Protein chains: 2
Amino acid sequence: MPKDRAPTRIQKKNRAAILEAALNVFSAHGFRGATVDQIAAEAGLSKPNLLYYFPSKEAIHTALLSGLLETWLAPLHDLDADGDPMEEILSYTRRKLQMSRELPRESRLFANELVQGAPRIHDALSQDLRQLVDEKAQVLTGWMDQGKIARLHPYHLIFSIWALTQHYADFDVQVRAILGDEDPFEGAEPFIDTLYRKLLEP
Amino acid sequence: MPKDRAPTRIQKKNRAAILEAALNVFSAHGFRGATVDQIAAEAGLSKPNLLYYFPSKEAIHTALLSGLLETWLAPLHDLDADGDPMEEILSYTRRKLQMSRELPRESRLFANELVQGAPRIHDALSQDLRQLVDEKAQVLTGWMDQGKIARLHPYHLIFSIWALTQHYADFDVQVRAILGDEDPFEGAEPFIDTLYRKLLEP
DNA sequence: TCTTGATTTGACCATCTGGTCAAACTCACG
DNA sequence: CGTGAGTTTGACCAGATGGTCAAATCAAGA
């Protein structure tokens, strides 16, 4: 294992390659379904070499998840209490949908973990995520109190945005099996936009 | 392997026990994450005994999925072109949400499969499911043409119902981590009901 | 260039896992 | 009962998998 001095050029490169490869493999097969050999091959390293940079498969997975959590929650973080309510929410849904389109591996990585009971990120859920959502739910409630948007259960409103947007990344195969050649996001964007306009209109 | 005569009492009992156990294990850990030993233990059988009833792990999984597919699609099947549009759709969403509540293992079984690219049910998706959805999308389009419900992309409308309802089963841990003690379905039902009323109102 | 720490690897190991098999046991029915 | 089909299991196997280690190779600063 590399000493904990400043990382060398090679360390940076290889660590990045491993995490990139791990994202591919874990998101496609889940934790249990991924093998260290697979990740090593994808990263262009031998297995022992990979294990020189990360002490175990679990450690790679953990590093990956915690490294991506911030990215994943950024759009919700950016929901601004001082912005225009309708615009803020619509822009949040658009960013989330865009992330489904551009970062589907990340979405599936979390989906894989969640659908199996999130054994490795349960803490992050009930700590960081919960706190963030509590905070933003209050923002939503504030807007409802001011009559700026329709009164709805704020938590379920947030869940609905997650469900609608992540569905396109997580269940991509199903969506494409049904739509055929049509680009899912082409239709999804205006649909979701319309949905929230109608739903939130006071 | 039992001969293909009429199944004996014991065969019925054990096959059922195996499928029940397999549903528990596969839905919680995915195909790769589940082990034959685990399923056997859960079914109260030894591993060789289990493999006397099903030739392989894969066979159990297949039997389970194809046996449940019908159940899973029944609510959409029942969407009646001759019924009242708004009532038909709302009752479909209610049934789907109820299934998330009462059959979460089934939902997660499919979710696990889909999120990993559905390697074992790709055919069912692009054949049976696609055909069913095509058919029901036409029903929806008909209602839109008649001005009975708002004009929307019919496929994305269906996706939205799947996403919103299955979210509560598939990502149960996340939902509960955020809601704490509150029953997710308590709030979800009126939320989803309101959502589709507002969305579909012509 | 030389040295020293960083990097890489072939060989190896223990465990897990899906699956097999022959032998033993049980059950239903004549 | 007795018997043959149906059922169960302990022992076993081959391959996959996560992980280790000593030895070899490489890179960069003195």
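The following conversation goes through a predicted model of two protein chains with DNA.

Trainee: What should I know about numbering and cut-offs?
Mentor: Residues are numbered from 1 along each chain as its sequence is written, and chains are lettered from A and ligands numbered from 1 in the order in which they are written. In this predicted model, local features need pLDDT of at least 70, side-chain atom pairs count only at pLDDT 80 or more, and totals for chains, interfaces and linings use all residues, while side-chain values use heavy atoms, with hydrogens and water left out.

Trainee: How is chain B laid on chain A?
Mentor: A turn of 180° and a shift of 0.0 Å along the axis lay chain B on chain A with an RMSD of 0.1 Å, superposed by least squares on the C-alpha atoms of residues with pLDDT of at least 70 in both. The two copies are thus related as by a two-fold rotation axis.

Trainee: Which residue of chain B comes closest to that axis?
Mentor: B:A163 does, with its C-alpha at 2.6 Å.

Trainee: Changing topic, which residues come nearest to DNA strand D?
Mentor: They are A:K57, B:T8, B:Q11, B:R32 and B:Y53, of the 21 residues around the strand; a residue is near if one of its heavy atoms lies within 4 Å of the strand.

Trainee: And what does B:Y53 do there?
Mentor: An N or O atom in the side chain of B:Y53 is 2.7 Å from a phosphate oxygen of DNA strand D. For B:S46, the corresponding side-chain distance to a phosphate oxygen is 3.2 Å.

Trainee: Which parts of the strand lie within 4 Å of the protein?
Mentor: Of those atoms of DNA strand D, 60% belong to sugar or phosphate and the rest to bases.

Methods. Polar contact = N/O pair within 3.5 Å; in protein donor to acceptor, adjacent residues only side chain to side chain.
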